[in-house]
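Let's walk through this model together, starting with a pair of helices and moving on to confidence and charged contacts. Have the structure open as you read.

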Amino acid sequence: PTIEAVIRHITAVGPTVRLELERSDGGGQIDAELTRERFGELALKTGEQVHVTPERCPCCDGLVERTEETASTLEVDVPPVKPEVTRHTTVVGRCARCAARVVAPLPGASANGTTVAPVTFGPNLQSLAVSMRFELKASLGGIGKFMGQWFGVEISAGGLFRIFDRLAARSAPVIEEIVAALRSASVVGMDETGFRQDGLPGWCWVARTDKVSLYRVELSRGRWVAESILGAKYPGTLVTDFYSVYAGQGTWCNAFCGAHLIRDTKKLAELEPCAETEDFRDRVKTFYETGAVAAKSGDISARRGARIQLGRIIASTDYVAFPEIVQLQERIVTYWDGVTRFLDDPTVPWNNNASERDVRPVGRYRAITGGTRSPRGSVVFGHWMSVVHTRRKNGLTIRPFVYAVNDAHRHGRDSPSVFIN
């Protein structure tokens, strides 16, 4: 069999280079020689793992002759990780005037400098925990087991939540920053999905652009939630489904999701398969396909043609025997401007698929955790989901942000921006 060994010493002697190899199986030392030219080609270094070719052929037991051919591969591995413990010390002073105790804020101290715990977890561990929880959707118990198994750090589910809670409180202004970015955007997508809080049915609302995402958990699915996020007089275009909270708001400029309409026609064709339902499904789908091309091209006649195509669909009397199709026709008539908005503005998508993609992580989190356990837990969840996904959209990781939050808190500075690395 092949012998594995590690290069311990390299010595150049005249035209040759001698290698002292230590067998990995504890079988002792092996000496090898290479020409200087060959050694330069291989670029071997002390500590490198090599495999010594056996002296006899494994197939026929014949003697093996050396050749100039070599084979190599790179093995990527992670070395064992041990936690690094750093002691932070400061001299405690006493005010000569009021006799107050004066101390520099240490890691883990409260805002007034009071140390609240003799042992705290550093920003690297905090960043990893935030990423595992809100990017990878790991459970609190799973994160604790991972920390203990791989790093030898024991931390409970309650301890993890306190880390998330403290960091969220210290970086709370970033939510206002994200809301401001949403309200100034020309196009915003919004959606909501079921989400339980302390066992009660609630909703996780998502508002997004290509640069920001805002997550918010409420027990209500009412219009006031959407208005509190965007403002009752949001001046841009809001891309949503046909839910009445959005459609009936009155002051917003709506653009309605064509994918929802197509899904409704497909469902109808599946439940009542016949020539009429399948024809209606195909015509609606074709309208959005040709409309998307026309909107992208900017050709006025093509966009007008798409409108005419949709007008013929809703005016057709071929579907009067199907009340569900008639309802869909009436929906298009009622929300005509919102349905065709994408034809006139190339920045407005014809579907709300991007919002649905932002909602999917909530579903994965919900499947693992079942929701949150308290109103504060919902706030913390919405905070970190908003921060993590906003930074990801801007090509930023969570680690520098957690470092900056800790540093700003210790030195009494404002919370860092979510958009700055």
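Helix 9 and helix 11 run roughly parallel to each other, a label for angles under 35 degrees, with over 145 counting as roughly antiparallel, 65 to 115 as roughly perpendicular and the rest as oblique. Their axes cross at roughly 20 degrees and come within 11 Å, helix 9 spanning residues 275-297 and helix 11 residues 323-334. Axes here are lines fitted to C-alpha atoms over the stretch in contact, with angles from 0 to 180 degrees between N-to-C directions. Helices (H or I, at least four residues) and strands (E, at least two) are DSSP runs, numbered from the N terminus.

Which residues make the contact? Helix 9 brings Glu276, Thr277 and Phe280, while helix 11 offers Ile325, Leu328 and Gln329, contact meaning heavy atoms within 4.5 Å.

This is a predicted model, where local features need pLDDT of at least 70, side-chain atom pairs count only at pLDDT 80 or more, and totals for chains, interfaces and linings use all residues. Residues are numbered from 1 along each chain as its sequence is written, and side-chain values use heavy atoms, leaving out hydrogens and water.

On pLDDT (the predictor's confidence in each residue, from 0 to 100), the chain averages 91, and 97% of the residues score at least 70. Confidence is lowest in strand 4 (residues 49-52), with a mean of 79, and highest in strand 9 (residues 213-218), at 98.

Finally, the salt bridges (a side-chain nitrogen of Lys or Arg within 4 Å of a carboxyl oxygen of Asp or Glu) come to 18. In one of them, glutamate 33 meets arginine 18 at 3.4 Å, N to O. Glutamate 33 belongs to strand 3 (residues 29-35) and arginine 18 to strand 2 (residues 16-23), so the pair ties together parts 15 residues apart in sequence.
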